[in-house]
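Work through the following exercises with the sequence and the structure open beside you. Try each task before you read its solution.

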Amino acid sequence: MLSRRVVLATSLRTALLRQPRAAAPAARRYSVRADRHAGESAADAVSKIIYKTPTARKTSHHVHVLNCFMQDEPGILTRATGIMAARGYNIDSVVVSRTEIPGLSRMTITVKGEQAVVQQARKQLEDLPQVWAVVDLSDAKVIEREILLIKLSTLGNGRPAGAGDSCTPRHPLPPTAVPPARPADGGDSGSTGDAPLAQVIESTRRLGYIRNLAAMFGARVVDVGADCCIVELCAKSERVDAFMKITAPFGILEAARSGRMAMSRTAKLSLTDDDAPEALESDGPAPDLSHLPPS
């Protein structure tokens with residue numbers, strides 16, 4: 001019995017002596033991590049954030065959005081865009097649609113240029129007899145949306161989908177050029193002899209990636225084929241540009257954009273708030289009324 005007690009005591013003492021040594025490397029790792037975080041001050045962390053944050057590019061030309069309300073008459077669109085073209089503007093987008101009032105149309109023009117010249121073009125638009133009013137939404141709080149329909153290939157960027165005349169032409173074609181006909185068996189002319197089952201599996205895998213990207217941007221797949229799909233996106237113009245760039249590796253076969261549509265936000269955000277003080281605010285100084293005759 002005495003020998004057993006001595007053996008148990010010796011083993012217990014050995015276990016207790018070994019336990020701090022085994023825990024020392026883990027404690028040392030945590031202390032090193034703590035020292036690393038403690039060595040970086042708040043100023044260093046903020047400086048990293050500032051230097052890593054991208055800055056906007058400075059340009060003298062600003063984007064101007066004009067809402068032109070005009071009568072629905074033939075030729076008015078040509079006359080309105082002719083005024084902008086005479087000023088040397090490259091119109092980014094023009095969207096014409098009917099309003100809730102019969103016979104009245106809304107034309108949203110998006111141009112880039114100087115503020116003074118855009119205001120001159122705005123006054124010339126207002127001088128047209130068919131134009132009721134032109135509202136400049138450049139500095140106002142607006143809701144902007146643009147609709148995109150994009151056809152993406154599910155076979156890869158280097159694999160054409162469908163017939164050659166169903167996609168956007170990549171280079172000008174002479175009038176006598178005839179697009180290549182699609183083979184009768186339904187395969188593409190650039191096929192490398194892959195098995196149809198392998199193409200279906202690859203197409204399904206790429207379609208899953210496209211669905212995930214579309215869900216992140218709030219878009220949806222509206223049409224699916226054996227070799228391509230069509231995605232619809234309604235968002236801001238900047239978000240549409242980002243979606244087109246991120247889906248370019250899949251192979252963009254066609255893309256159609258509706259143009260920028262804009263509508264001013266409502267000024268009253270609550271029925272309980274009093275908006276009278278905001279209406280009395282003025283950008284310029286108060287007019288001098290001392291020279292007016294007494295009433």
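Helices, as the word is used here, are DSSP runs of H or I with at least four residues, numbered from the N terminus. Please keep in mind throughout that the model is a predicted one.

**Exercise 1. Find out how arginine 206 and glutamate 202 are placed relative to each other in helix α5, and which contact their side chains make.**

Step 1. Both residues belong to helix α5, which covers residues 196–217, and they are 4 residues apart.
Step 2. An α-helix has 3.6 residues a turn, so residues three or four places apart point the same way.
Step 3. Because arginine 206 and glutamate 202 are 4 residues apart in the helix, they are separated by about one helical turn.
Step 4. Their side chains meet in a salt bridge, with 2.9 Å from N to O, and this lies within the 4 Å that a salt bridge allows.
Step 5. Glutamate 202 has a relative accessibility of 23%, so it counts as partly exposed.

**Exercise 2. Decide which residues of α5 are buried and how they are arranged around its axis.**

Step 1. Helix α5 has 22 residues and reaches 32 Å from its first C-alpha to its last, which is close to the 32 Å expected.
Step 2. The buried residues of α5 are Ser203, Leu207, Ile210, Leu213, Ala214 and Phe217.
Step 3. Looking down the axis of α5, one finds these buried residues within an arc of 125 degrees, and therefore they line one face of the helix.
Step 4. The face turned away from that buried side carries the exposed residues Leu197, Ile201, Thr204, Ala215 and Met216.
Step 5. Among the elements that cover the buried residues of α5 are β5, β6, β7 and α6.
Step 6. After the helix comes glycine 218, whose phi is positive, near 75 degrees.

**Exercise 3. Locate the aromatic pair and explain which parts of the chain it ties together.**

Step 1. A search of the whole structure finds 1 aromatic pair, formed by phenylalanine 217 and phenylalanine 243.
Step 2. The ring centres are 5.2 Å apart and the planes make an angle of 65 degrees, so the pair is edge-to-face, given that planes over 60 degrees apart count as such.
Step 3. Since phenylalanine 217 lies in helix α5 and phenylalanine 243 in helix α6, the pair ties together parts that are 26 residues apart in sequence.
Step 4. Phenylalanine 217 counts as buried because its relative accessibility is 16%, and phenylalanine 243 is buried with a relative accessible area of 0%.

**Exercise 4. Work out which strands are linked by the salt bridges of lysine 151 and arginine 220.**

Step 1. The structure holds 8 salt bridges.
Step 2. One of them joins lysine 151 to glutamate 254, whose closest N and O atoms are 2.9 Å apart.
Step 3. Lysine 151 sits in strand β5 and glutamate 254 in strand β8, so that this pair, 103 residues apart, links distant parts of the chain.
Step 4. Lysine 151 is buried at 17%, whereas glutamate 254 is partly exposed at 30%.
Step 5. Arginine 220 forms a salt bridge with glutamate 232, the closest N and O atoms being 3.0 Å apart.
Step 6. Here the link runs from strand β6, with arginine 220, to strand β7, with glutamate 232, and the two residues are 12 apart.
Step 7. Glutamate 232, at 24% relative accessibility, is partly exposed.
Step 8. Glu146, Asp241 and Arg257 are joined into one network by salt bridges that share partners.

Key. Residues numbered from 1 in each chain as written. Predicted model: local features only at pLDDT ≥ 70, side-chain atom pairs only at ≥ 80, totals over all residues. Heavy atoms only, no water. Buried < 20%, exposed > 50% of the residue type's maximum accessible area, 1.4 Å probe, protein only. Expected span 1.5 Å × (residues − 1). Arc of directions from axis to C-beta. Contact = heavy atoms within 4.5 Å. Phe/Tyr/Trp six-rings, centres within 6.5 Å; stacked < 30°, edge-to-face > 60°.
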